[in-house]
Each structure stands twice: as structure tokens, then as C-alpha cells.
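This report concerns the salt bridges of one protein chain and the surroundings of one of its helices. The sequence and the structure are shown first.

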Amino acid sequence: MMEKTGAGRRAEIAGAGIGGLTTAAALAQRGWSVTVHERAPTLRTFGAGIYIWSNGLRVLQAIGAYGQATVGAHVGPQFHTRDHNNTTMEEIPINGIGDARLITILRETLINSLVDTCRRSGVEILTNSEAVGATAEGELVLADGSRRKADLVVGADGINSRVRDSLDLMMYRKHLGYGAIRMLIARDDGDVPVEDRERYIEYFTGSRRILYTPASATDLYVALCCAADDAAALKVPADRALWTQSFPHLANLVTRFGDAGRWDAFEVVKLKRWSAGRVAILGDAAHAMPPYLGQGGGCALMNGLGLAAAVDGTTEVTEALAAWEARERPMTEHTQDTAERLGDMNLWPDDIRSQVLKITGKSREIGMERMKTARHAPTATDALA
């Protein structure tokens, strides 16, 4: 049983995404009174899958969301990166003895499990409640003009965070010139050869790539990635003839693309500081990153729980937030920087990319750097059961 050292203390959180809900649950479990403000009318999320590595799974276990979040999850045997000839350039072993663990689930499943964990922990969640700013003294400012005073305010309101911007914390926001159309479709045995059906596979051709991700027994998460100036490829609904021309070995899969999907540009956000007075910023608002390591959600989970642990048992919130940033930011920036470097190969010629990845894929040192976040033991977590 966790000691409730936060009794009598209050937190106001902007944003009911992965980082906001994780922070809310962890604070409430430590005795805090917590309200989450979500500007949307519902808590639903768009249809997509999400990768959760060992580090994120440890956080879900620590806050009591693991069991619900992993029901029906897909557990793949390997992660392959394939070239324009469908030849494997790199194979990452996962989920075996000594390997990092990786599951994929629907994003909606993760959000629902966090919402239910929050409600079991006593968190109040308000929809149609938009945060437009905050003060370093600990006030969350809402769109209706009201102000909510708290011991701790958290801005987890996404990449366009108004809480962050009201405090002049931005160092830089960088568009990477690349992005993806994401969609969910039903799985079909004819999409890929039988030996590939359970794998996670990233296929490259030129500057385009397709990410094949089973997300449950029946759901397939697909990401169509291309440069931001590749106007024909980023159209929604996806141009099936164009994508078949780039990936003829995936013709059966491409034929089944529906009209759904959403284009998102990849960006990097870095802040001057992660906090100002009694206000902390986390998730995409603080450290947005491209998805090449599958760790955007993982970092939000880690930093949300780490924040609750940092302010637990202290009345000196400002000092606790500085200590939280000093402890958590190096791993998050390692993850951001590594993911950004991986994106460099998007625009390499096919033959050069294939030769380089076949060599680097055999390097133990490069592999360890790439898996450093997945193998990290987040603050206030135990080893997976």
C-alpha cells in the first residue's frame, strides 16, 4: 500500500493524453486531489496503434494500469527493417529471454486503461474544459476566464500547448520535413507472407516507407510515411495506385486501404526549462519527437510518474520540479536525439541505405544505444513481473 503523503494538496492538469493521465493517476495514488481538464467533448482518441516498450510497461505496472492495457495486445517476435527489394536490412529481436519487451495495442485501449485507473484513484476529469495558460504562482487559466489555484499545475496539453507558451518556455520547435498518414484496418492473412504476419516490419522505398504493425488479433496499424513536400503521397485518402507502385510486394495490403487516415507532420520540441515556479510541462508539450523509436508515449509515461514521485512528500514544489527535470531530461533528450538521427536515412538513396543498415544492424554498440530507453528502469518502478 502506497503512503498518501500528498493529502491536502491539489493538482490541476491540462490535457487528458498519455502524460496528463499518468501524472494524474500517480498523484492521486499518493493522496493528492487532482482535476484533469480536457478541451475535447469526449476522451476518445483517433484510430491508431501504439508501441509500448519495457520502460512504458513498467510505468503501467506501477500505476495499476498494466492488466487492462495489455488485454488483447499483440506481442511480436521480431522487428524487421526491409529495403526496396523486400530484403531485411536489420532485425531487432524482442520479447525473448534477455530481450527488451515490446507490445502493440490500440491507442484507444491505452487511453481507456489510463482513464479507468484515474477514476479508480479518485481523479476528477472534466471535458469541454480548455486551459489557455498558467501562472508560475500555481494558477491554471481556463478559456471561460476562471482560474484554478493549485499546489502543482501540469501542462500536458500537446504540441500546441497554450500552458507552455503562456510561460515563455519554448527553446525551439523544429519541423522535420517528414510525416505519416496513420490508419487502422482489419488484419487479413493475404497482406504479407505467413512468416511475416506476426512481425513488426518497416518497408523502405526511396523516401517513402510503410510501417506494418499488428495491434491485436484483428487490428492492423499502418503508417504511410513520406516527405512533407511529397504532395501525391501525403494525400488522404491514400493514393493506392501510387503506393502500390512504390511497394509492389505489398499490393494486397495497399489495395485494402480505406478512406480513413490522418496526416501528421513529425516535429521536435525542446524547452528552455521543463517548469516555471509551480508549473510543470511534459509529454509532446515539452519533448515532442519523431516516432522512429516508438518512444513518444513511453517518455510521457516515464516523465508523468517521475513527476509524481518528485513532488511526493515535499512542500518545496519549485525545487522538486527542478530535481525532476535534472533526473529525467537526459534520458528523454537521448531518446529525442537518437530518433531524430534515425530520420536522416529517410532521404538516402536506396542502395546506400541498404548497405549502411546491413552493416550497422550487426553492431552491438549501436544496437545498445538504440535500445537504451527501452531497457531503462524508470523512476518509481519495479522490474516487470
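In this predicted model, the side chains of R164 and D165 meet in a salt bridge, with an N to O distance of 2.8 Å. The two partners fall into separate classes of exposure: R164 counts as buried because its relative accessibility is 1%, under the 20% cut-off, while D165, at 44%, counts as partly exposed because this value lies between 20% and 50%. A search of the whole structure finds 24 salt bridges, among them the R164 and D165 pair.

A second salt bridge joins the side chains of D264 and R182, at 3.5 Å from N to O. This pair links distant parts of the chain, since D264 belongs to strand β16 (residues 262-271) and R182 to strand β12 (residues 170-186), 82 residues apart. Both D264 and R182 are buried.

A third salt bridge is formed by R256 and D191, whose closest N and O atoms are 2.5 Å apart. R256 lies in the loop between α7 (251-255) and β16, and D191 in the loop between β12 and β13 (200-205), so the contact ties together parts that are 65 residues apart in sequence. With a relative accessibility of 27%, R256 counts as partly exposed; D191, at 4%, counts as buried. Elsewhere, R10, E12, E124 and R148 are joined into one network by salt bridges that share partners.

The three pairs described above are listed here.

| Salt bridge | N to O distance |
|---|---|
| R164 and D165 | 2.8 Å |
| R182 and D264 | 3.5 Å |
| R256 and D191 | 2.5 Å |

The report now turns to helix α2.

Helix α2 spans residues 54-63, and eight of its ten residues are buried, so the helix is largely enclosed by the rest of the structure. The buried positions are S54, N55, G56, L57, R58, V59, L60 and I63. Which elements cover the buried residues of α2? The cover includes the helices α1 (18-28), α3 (66-69), α4 (107-120) and α9 (296-311), together with the strands β3 (49-53) and β6 (102-106). Just after α2, G64 takes a positive phi of about 85°.

In summary, the salt bridge of D264 and R182 links strands β16 and β12, that of R256 and D191 connects two loops, and α2 is largely enclosed, with eight of its ten residues buried.

Technical notes
Residues are numbered from 1 along each chain as its sequence is written. This is a predicted model: local features need pLDDT of at least 70, side-chain atom pairs count only at pLDDT 80 or more; totals for chains, interfaces and linings use all residues. Side-chain values use heavy atoms; hydrogens and water are left out. A salt bridge is a side-chain nitrogen of Lys or Arg within 4 Å of a carboxyl oxygen of Asp or Glu. Buried means under 20% relative accessible area, exposed over 50%, partly exposed in between (1.4 Å probe, protein chains only). Helices (H or I, at least four residues) and strands (E, at least two) are DSSP runs, numbered from the N terminus. Contact means heavy atoms within 4.5 Å.
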